[in-house]
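These are my notebook entries from reading through one protein structure. I wrote each entry after looking up a single topic.

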Amino acid sequence: MWKYDIITIIEKGLVMNEKGLVNRVLELINKNYPDIYVIDIKDDLVYIFNNDSELKIIDKISYNEFYKMMSKKIYKKDISKYFDAITLSKIEDNIIKGNNELKIKYRKLCDAGNYRYYISIINYFNYDNKNLLFIMSEDINDRLTNIEEDNKHLQEELLEYKNKLNNEENSISDAIYQIDNLLQNSSTTSNGINTKNTREYINNIFSNISINHPSLNKAITEKTINSSNYNKPSILIIDDSSVIRNSLKRIFEDNFKIIMSSSGNNAIEIIKKDILNASRNETHENIVCILLDLIMTDGDGFKVLDFLKLNNLLSKIPVAIISGDESRETRKRVYKYDIVDMLEKPFNNEMIKKRITKIINLYVSANDLTSLIAIKSNDNSNNKLNEIIS
């Protein structure tokens with residue numbers, strides 16, 4: 001273990017309990033790791049350590065800034081794996097299995113402009129009544145001599161690329177078929193399908209395929225927004241922490257309009273106006289998902305869940321819980337409300353974006369299909385109804 005002059009650290013002017021934090025990190029270090037980070041889950045802070053001649057804190061940044069910084073350095077195929085490893089649920093599962101440490105291997109961009117293999121050792125510990133994730137990373141590229149492993153990675157990436165092209169081709173052909181089939185059915189029906197519902201259904205089809213087609217997403221979104229009577233899909237974020245609200249906003253704001261509420265009571269009023277009374281309100285928001293914190297002073301998350309359940313909204317709008325330090329008993333209680341997911345801090349931005357977007361599209365598709373079936377039922381067209389159900 002390396003010896004450090006703690007008096008020197010004190011003279012550097014570390015305030016609050018950062019001096020003690022440095023001492024706690026010293027207890028965990030047994031090698032000269034160049035990259036050391038401590039993530040404060042509760043306060044959404046990341047401490048960056050320098051480990052040259054002496055150990056010291058050189059910077060403090062938000063978790064979102066840390067995510068952006070590491071996303072630029074880590075090889076794109078390894079980003080999701082890296083941030084999955086530092087989620088609280090992953091660490092807790094590891095501890096239950098009797099493992100005090102979690103190790104993750106990934107590729108990181110170096111100063112020379114090439115990617116090298118790194119390994120990060122992740123520990124979870126409590127300090128100053130806070131839950132902290134401790135990460136120390138080491139370059140292991142010189143240890144790797146297995147060329148077959150590198151070839152295997154290349155083959156996997158090539159296969160993944162081929163599968164992606166195949167899936168994109170299928171998704172586009174399916175979308176064209178769905179739209180063509182819808183228009184043919186509507187033209188053979190005496191009263192036709194309501195124009196607004198047809199437009200919303202087609203927009204939803206394009207929304208689904210745009211997930212797998214980033215190049216199409218921007219063009220489709222711009223043209224759709226410019227059409228009259230279209231409300232961009234909105235996500236309602238309910239959390240009394242402005243840090244968490246803004247962090248989630250940055251994840252979803254490219255594809256969704258973001259509505260934010262700092263309390264459960266205010267959120268209930270928004271839900272009444274934009275969901276329950278949407279048919280009577282021309283300026284209502286098109287809320288397609290709710291991200292909900294549980295612990296708030298002015299109406300907690302369970303009050304919002306009870307309101308949604310009372311009004312039969314949980315089956316129509318996906319609700320994901322923003323989880324911090326909630327106990328397993330709390331998690332067990334909240335899943336009784338048929339929520340779709342738990343977003344645990346620190347957030348894996350890319351994984352959350354993909355997961356929530358797919359869930360939203362599933363719910364929107366189901367709601368659109370229900371609407372079309374209702375329209376066909378009103379037309380008393382049993383044959384057409386059977387076609388839609390099929």
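The entries below go from confidence to the two sheets and then to the helices beside them.

**Entry 1: confidence.** I noted at the start that this is a predicted model. I looked up the mean pLDDT of the protein, which is 76, and found that 69% of its residues reach 70 or more. For residues 1–16 the pLDDT is below 50, and this stretch has 21 contacts in the model beyond near neighbours in sequence. I then turned to residues 188–192, where pLDDT also stays under 50. For that second stretch the model has seven contacts beyond four places in sequence. I reminded myself that predicted coordinates should not be read in detail where pLDDT is low.

**Entry 2: the antiparallel sheet.** In what order do the six strands of the open antiparallel sheet stand? I read the order as β3-β2-β1-β6-β5-β4. The edge strands are β3 (55–62) and β4 (102–109), each of which pairs on one side only. On average, neighbouring strands of this sheet are turned by 25° against each other, direction ignored. I followed one pairing in detail: β5 (residues 115–127) and β6 (residues 130–139) run antiparallel and are joined by 10 bridges. Within this pair, I found Y118 bridged to D139 of β6.

**Entry 3: helices on that sheet.** I recorded that α3 packs on the sheet and touches β1 (35–40), β2 (45–51), β3, β4 and β5. The direction of α3 makes about 105° with that of β3. Which residues of α3 (residues 63–73) are buried? I listed Y63, N64, F66, Y67 and M70. These residues lie on the same side of α3, because they cover an arc of only 155° around the axis. I also looked at helix α5 (residues 88–96), which lies across β4, β5 and β6 and runs at about 75° to β5.

**Entry 4: the parallel sheet.** I next examined an open sheet of five strands with parallel pairing, in the order β8-β7-β9-β10-β11. Why is one side of β8 and of β11 (341–344) left without a neighbour in the sheet? Both stand at the edges and each has a single partner strand, so there is no neighbouring strand on one side. Neighbouring strands here are turned by 25° against each other on average, direction ignored. At the β11 edge, four bridges join this strand to β10 (residues 319–323). I noted I322 with L343 of β11 as its bridge partner.

**Entry 5: strand β7.** I gave β7 (residues 233–238) its own entry. Are its six residues buried or exposed? I found six of six buried, and I recorded the strand as mostly covered. P233, I235 and I237 are buried on one side, and S234, L236 and I238 are buried on the other. With β9 (residues 286–293), β7 pairs in the parallel sense over six bridges. I looked up I238 and found L292 of β9 as its bridge partner. With β8 (residues 257–261), β7 has five bridges, again in the parallel sense. Here I235 is bridged to I258 of β8. I traced the chain from β7 through helix α9 (residues 242–252) to β8, a β-α-β crossover that is right-handed.

**Entry 6: a helix across the parallel sheet.** My last look-up was helix α11 (residues 301–310). I recorded that α11 lies across β7, β9 and β10, and that it runs at about 145° to β9.

Notes: Residues are numbered from 1 along each chain as its sequence is written. This is a predicted model: local features need pLDDT of at least 70, side-chain atom pairs count only at pLDDT 80 or more; totals for chains, interfaces and linings use all residues. Side-chain values use heavy atoms; hydrogens and water are left out. Buried means under 20% relative accessible area, exposed over 50%, partly exposed in between (1.4 Å probe, protein chains only). Helices (H or I, at least four residues) and strands (E, at least two) are DSSP runs, numbered from the N terminus. Two strands pair if DSSP finds at least two bridges between them. A crossover is right-handed if, with the strands pointing away from the viewer, the path from the first strand over the helix to the second runs clockwise. The arc is that of the directions from the helix axis to the C-beta atoms. Axes are lines fitted to C-alpha atoms, for helices over the stretch in contact, and angles run from 0 to 180 degrees between N-to-C directions. Contact means heavy atoms within 4.5 Å. pLDDT is the predictor's confidence in each residue, from 0 to 100.
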